[in-house]
2 protein chains.
Amino acid sequence: MTHAQDALTDKNIGLDDLEDLAQGAAFLGTGGGGDPYVGMLLARHAIQEFGMPEIIEPEDLNDDDTVFTSAMLGAPTVLVEKAASGDDIDLSINKLAQFIGKKPVAISPIEIGGMNSMIPIVAAARLGLPLVNSDGMGRAFPEIQMVTYNVYGVPTTPAVIVDEHLESVIVETSDAKRAEDLIRVCAIQMGLSVMISAYPLTGKQVKDYGVTGTLRIALGIGRALVEGRKRGEPVQAMQEFLRSTQYYNHCIVLFDGKVTDLRRETTRGFSIGHCHIEAIDGSEDKMHIEFQNENLVARVNGKTVAIVPDLISVVDRETGQTITTEGLAYGQRVKVIGTSAAPVMRTPESLAVFGPHAFGIEEEFLRIEQIHNVV
Amino acid sequence: MTHAQDALTDKNIGLDDLEDLAQGAAFLGTGGGGDPYVGMLLARHAIQEFGMPEIIEPEDLNDDDTVFTSAMLGAPTVLVEKAASGDDIDLSINKLAQFIGKKPVAISPIEIGGMNSMIPIVAAARLGLPLVNSDGMGRAFPEIQMVTYNVYGVPTTPAVIVDEHLESVIVETSDAKRAEDLIRVCAIQMGLSVMISAYPLTGKQVKDYGVTGTLRIALGIGRALVEGRKRGEPVQAMQEFLRSTQYYNHCIVLFDGKVTDLRRETTRGFSIGHCHIEAIDGSEDKMHIEFQNENLVARVNGKTVAIVPDLISVVDRETGQTITTEGLAYGQRVKVIGTSAAPVMRTPESLAVFGPHAFGIEEEFLRIEQIHNVV
């Protein structure tokens with residue numbers, strides 16, 4: 001068993017693992033979820049002060065346990081510049097608890113991404129609660145309704161958002177897209193970087209609809225990168241590890257090239273744009289990636305090679321480190337990796353909520369293993 | 001004692017008084033506060049179903065009583081098209097009560113205007129609570145922080161807004177202007193016509209900072225108009241009545257003319273514009289009125305003749321009926337009436353919050369009786 005695979009059962013995850021966890025989460029975050037470095041600093045600070053929270057598995061929860069999610073919401077451009085004080089995280093959780101009259105017994109990530117794998121660690125550490133090894137996407141997504149819990153009928157609200165002035169807004173609506181719209185305008189008004197606790201969950205809902213195992217898989221990815229760098233093959237090491245997992249087993253290098261064009265703007269509260277990559281092998285091949293916070297579709301010479309909700313990650317071709325859509329820059333030498341999403345993310349019900357059409361992309365979802373005939 | 005003056009003590013205000021009350025409130029609403037007719041229909045319906053609420057005086061309240069305000073918030077353009085179901089009003093009140101853990105013993109208007117004198121009647125009728133003869137402006141204003149309660153330190157929030165789908169948002173911030181900004185973006189997202197309960201008050205705060213007597217004065221204005229029409233002098237009758245009141249005693253016909261130009265747009269959630277009126281007496285005199293939901297400043301040939309927070313009301317020159325800024329139309333023959341605001345509205349503290357500068361008007365406030373040398 002490699003150190004990477006050991007991550008899936010390691011009983012002693014702690015401060016020293018944060019960087020690997022953040023790196024792996026950034027990969028699963030497919031370009032979004034905020035800067036892993038900023039998130040890591042927040043988590044490190046919280047762990048130093050309050051200790052590392054216990055990581056528990058969904059099956060450790062009782063069906064009627066109350067589990068809260070904790071995340072940062074905003075455009076990654078802004079997340080990079082602002083950071084949570086901690087009081088805002090506490091307030092979002094405590095206000096939700098007060099509002100619904102139930103205290104959480106555990107904290108769960110709602111998405112896996114650079115910042116939003118770290119914020120739940122901060123929340124759990126500060127509140128002295130365990131952290132559930134699961135999330136609602138197994139990746140990152142730009143909008144609040146794009147969560148398996150919503151797909152399978154868990155109400156998005158009550159949702160509490162809190163800004164750095166400790167101003168708060170509690171939203172209640174039975175419509176997840178309307179929740180997104182309302183929370184988004186508030187987040188924009190509050191400066192595009194707020195703490196959110198939404199989707200108050202039961203233990204049963206976590207077990208039934210969560211994408212399980214993702215925190216430990218993120219750590220495994222990070223460890224595989226470290227190990228791979230030692231032998232000069234970080235991307236290959238990461239692929240090997242992912243292929244050993246249950247969901248992310250189709251993991252393909254889609255392109256190897258250099259960033260030659262980039263458009264990115266913060267609009268409607270999102271970081272929206274596209275990126276062109278030219279082949280490094282001297283061929284005329286070109287890749288085009290569209291993103292909305294996260295990478296949505298990758299095409300080579302016009303042909304789709306991976307599409308949402310499957311994961312598209314842009315990594316440094318030498319170090320394997322994930323480059324967020326905010327971190328993309330002209331001239332970067334990158335590999336683009338496509339990875340299969342969890343099965344619960346690919347159901348017709350899920351595709352209706354966060355398949356290509358939900359992002360205005362007209363083509364149908366095709367599984368990456370279908371596209372590349374590696375079934 | 002005329003029937004108009006009788007309004008100030010009348011023990012039997014009921015269904016038959018609604019139209020007069022709405023007409024008078026529209027006058028005090030200085031062009032804003034929504035369509036008095038729509039508000040009246042809502043109030044009539046509520047009274048028919050639940051009975052007329054008792055009207056009480058601020059001094060009837062105990063200092064530690066809890067009093068809630070109830071209002072509709074949005075651009076008058078939209079308020080004209082949408083109407084409250086009643087469930088939304090109940091929900092805004094009940095959610096606030098649940099949130100702060102206190103039930104109101106009475107409902108108070110937060111402003112006096114066409115719609116927002118009627119909504120509190122609906123709320124009080126539906127909830128079986130008395131209605132306080134007082135408000136937080138003695139007129140209407142476009143923004144939530146423009147309230148005497150805010151001027152004198154009563155927190156604006158927690159504020160609850162509810163839309164026609166019974167979606168709700170609870171805002172908490174210690175800054176009234178930020179509350180306005182947050183509530184406004186939510187209201188825009190919710191379709192620009194929401195029910196709001198903000199400024200939860202104590203009986204002492206109502207007594208100390210409210211503009212008292214305004215509901216009954218509105219009724220008196222309406223009755224004076226009816227009486228005045230019988231003798232062909234509605235505007236004069238209204239002026240006579242207002243001159244008999246404590247606050248509104250300076251009441252001057254500023255202009256008599258015909259609407260010849262009008263610009264009005266719904267922007268940032270407000271109805272903003274201006275109106276030109278040419279003199280009807282054959283002179284070259286022209287009046288120019290600027291408004292943001294409510295009329296803000298009136299100038300004749302460039303010279304200011306009345307300015308916010310004093311009241312500027314445009315009325316039909318024959319019937320004396322108030323024309324809201326939404327109802328203004330080319331060719332209307334109108335009288336423009338300026339009325340002194342309540343003393344609490346003219347303090348330096350109040351002027352800092354809703355004097356001319358708060359609306360981007362550079363000149364200083366001058367009391368209407370100073371401008372017209374009628375001190």
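**Exercise 1. The surroundings of B:Met118**

Leaving aside neighbours within four places in sequence, determine which residues B:Met118 is in contact with, and decide whether B:Met118 is buried or exposed.

*Solution.* The structure is a predicted model.

Step 1. Once neighbours within four places in sequence are left aside, the contacts of B:Met118 are B:Ala22, B:Gly39, B:Met40, B:Leu42 and B:Ala43.

Step 2. B:Met118 belongs to helix H6 of chain B, which covers residues 118–127.

Step 3. A residue is buried if 20 or more other C-beta atoms lie within 10 Å of its own. B:Met118 has 30 C-beta neighbours inside 10 Å, and therefore counts as buried.

Step 4. B:Val151 lies 33 residues from B:Met118 along the chain, and their C-alpha atoms are separated by 24 Å.

**Exercise 2. Two helices of chain A**

Describe how helices H2 and H10 of chain A cross, and state which residues meet there.

*Solution.*

Step 1. Helix H2 of chain A spans residues 18–28 and helix H10 of chain A spans residues 214–230; their axes come within 6 Å and cross at roughly 105 degrees.

Step 2. Angles of 65 to 115 degrees count as roughly perpendicular. H2(A) is therefore roughly perpendicular to H10(A).

Step 3. On the side of H2(A), the residues that meet H10(A) include A:Glu19, A:Asp20, A:Leu21 and A:Phe27. H10(A) contributes, among others, A:Thr214, A:Ala218, A:Arg223 and A:Val226.

Step 4. Sorted by class, this contact of H2(A) with H10(A) holds 9 nonpolar, 5 polar and 3 charged residues.

**Exercise 3. The domains of chain A**

Locate the two domains of chain A and characterise the side of domain 1 that touches domain 2.

*Solution.*

Step 1. In the domain assignment of chain A, domain 1 covers 3–212 and domain 2 covers 248–371.

Step 2. Taken over C-alpha atoms, the centres of these two domains of chain A are separated by 24 Å.

Step 3. To their contact, domain 1 of chain A gives 30 residues and domain 2 of chain A gives 27 residues.

Step 4. On the side of domain 1 of chain A that touches domain 2, the elements giving two or more residues are H2, H4 (76–79), H7 (148–151) and H8 (176–189). The largest share, 4 residues, comes from H2(A).

Step 5. By class, this side of domain 1 of chain A divides into 17 nonpolar, 10 polar and 3 charged residues.

**Exercise 4. The relation of the two chains**

Determine what turn and shift lay chain B on chain A.

*Solution.*

Step 1. A turn of 180 degrees, with a shift of 0.0 Å along the axis, lays chain B on chain A with an RMSD of 0.0 Å.

Step 2. The two copies are therefore related as by a two-fold rotation axis.

Step 3. Among the residues of chain B, B:Ile170 comes closest to the rotation axis, its C-alpha lying at 2.5 Å.

How values were computed
Residues are numbered from 1 along each chain as its sequence is written. Chains are lettered from A and ligands numbered from 1 in the order in which they are written. This is a predicted model: local features need pLDDT of at least 70, side-chain atom pairs count only at pLDDT 80 or more; totals for chains, interfaces and linings use all residues. Axes are lines fitted to C-alpha atoms, for helices over the stretch in contact, and angles run from 0 to 180 degrees between N-to-C directions. Angles under 35 degrees count as roughly parallel, over 145 as roughly antiparallel, 65 to 115 as roughly perpendicular and the rest as oblique. Two residues are in contact if their C-beta atoms, placed from the backbone, lie within 7 Å. Ala, Val, Leu, Ile, Met, Phe, Trp, Tyr, Cys and Pro count as nonpolar, Asp, Glu, Lys and Arg as charged, and the others, Gly among them, as polar. Copies are superposed by least squares on the C-alpha atoms of residues with pLDDT of at least 70 in both. Domain bounds come from an automatic or database domain assignment. A residue is buried if 20 or more other C-beta atoms lie within 10 Å of its own, exposed if 12 or fewer, and partly exposed in between; C-beta atoms are placed from the backbone.
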